[in-house]
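Trainee: I am new to this structure and would like a close look at one part of it. Could you choose a part, walk me through it and then show me what surrounds it?

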Amino acid sequence: GQYWRIAAPGSYEVTFSSDGYKSHVHHVNVGPVNWATIPEPVNVVLLMSSEEIQNHVDSVGRETRMEMLTRRYIVVCVIIVLVLAGCVLVGLWRRKKRRDDLRRQKDIEYRGLIDGGSDSLLEVLVTERTGIH
């Protein structure tokens with residue numbers, strides 16, 4: 001922010017500081033008050049202390065490691081879900097194929113019996129349901 005204060009003429013050392021940052025000392029010479037001129041503002045940039053930089057790097061490193069682990073975990077979970085879904089689909093496909101094969105086989109048997117004239121369709125159905133010939 002801005003800090004304004006009329007100071008008596010002389011030389012001053014102004015120290016700027018903040019927690020976690022390196023202090024900065026600025027030398028200022030103040031002359032007699034001249035209301036016609038506006039003093040130049042002083043821009044000060046405080047640098048992080050080496051401890052704060054290390055803490056920041058460590059926290060970013062921890063976040064990056066956590067993000068990487070989270071991404072890996074998500075990728076592994078997605079792969080597992082896809083493998084399980086594939087297994088389920090293969091199982092359903094095999095089950096349907098078995099059912100279709102059985103239907104085709106029964107259709108062939110029914111046609112053979114009906115075409116052969118030995119049994120009626122009703123007798124075939126009763127035989128299949130009861131197991132009695």
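Mentor: Gladly! Accessible areas here come from the Shrake-Rupley method with a 1.4 Å probe, and for residues only the protein chains shown count as cover. By that method the chain exposes about 12200 Å², with carbon and sulfur atoms supplying 61% of this area. The model is predicted, so local features need pLDDT of at least 70 and side-chain atom pairs count only at pLDDT 80 or more, while totals for chains, interfaces and linings use all residues. Residues are numbered from 1 along each chain as its sequence is written, and side-chain values use heavy atoms, with hydrogens and water left out.

Let us get our bearings. The chain has two helices and two strands, where helices (H or I, at least four residues) and strands (E, at least two) are DSSP runs numbered from the N terminus. Along the sequence they come in the pattern β-β-α-α. Of the 133 residues in the chain, 3% are buried; buried means under 20% relative accessible area, exposed means over 50%, and partly exposed is in between.

The part I have picked is a charged stretch of helix H1, which covers residues 50–116. Side chains of opposite charge can pair when their charged atoms come close. We call it a salt bridge when a side-chain nitrogen of Lys or Arg lies within 4 Å of a carboxyl oxygen of Asp or Glu. The model has four salt bridges by this rule, and I will show you three of them, starting from Asp100.

Asp100 pairs with Lys96, and their closest N and O atoms are 2.8 Å apart. These two residues are four apart in helix H1, so about one helical turn separates them. Lys96 is partly exposed, at 48% relative accessibility. Asp100 also forms a salt bridge with Arg103, this time with 3.6 Å between the closest N and O atoms. Asp100 and Arg103 are three residues apart in the helix, so here too the separation is about one helical turn. Put together, Lys96, Asp100 and Arg103 form a network of salt bridges.

Now move along to Asp101, which has a salt bridge of its own with Arg104, the closest N and O atoms being 2.8 Å apart. Asp101 and Arg104 are three residues apart in H1, so about one helical turn lies between them. At 34% relative accessibility, Asp101 counts as partly exposed.

What kind of charge gathers in the patch of Arg94, Arg95, Arg98 and Arg99? The charge is positive, and the patch lies on the surface. Patches are made of residues with over 30% relative accessible area and no salt bridge; like charges are joined within 9 Å, and nonpolar side chains (Val, Leu, Ile, Met, Phe, Trp, Tyr) within 5 Å. Lys and Arg count as positive and Asp and Glu as negative, with His and the chain ends not counted. Each charge is placed at NZ of Lys, CZ of Arg, CG of Asp or CD of Glu. One member of the patch, Arg99, sits in helix H1 and is partly exposed at 40% relative accessible area.

Helix H1 also takes part in a nonpolar patch. Tyr21, Met48, Ile53 and Val57 make up a nonpolar surface patch of about 340 Å². Val57 belongs to helix H1 and is partly exposed at 47%. Met48, in contrast, is in the loop between strand S2 (24–30) and H1, and its relative accessible area of 32% makes it partly exposed. Leaving aside neighbours within four places in sequence, Met48 is in contact (heavy atoms within 4.5 Å) with Gly20, Tyr21, Lys22 and Ile53. Met48 and Gly20 are 28 residues apart in sequence, yet their C-alpha atoms are 6.0 Å apart.

Finally, look at the strands. Val14 lies in strand S1 and is partly exposed at 31%. Apart from residues up to four places away in sequence, Val14 touches His24, Val25, His26 and Val28. The C-alpha atoms of Val14 and Val28 are separated by 7.2 Å, with their positions 14 residues apart along the chain. Pro9, in the segment before strand S1 (10–16), is exposed at 55%. With neighbours within four places again set aside, Pro9 contacts Val30, Gly31 and Pro32.

Conventions: Buried means under 20% relative accessible area, exposed over 50%, partly exposed in between (1.4 Å probe, protein chains only).
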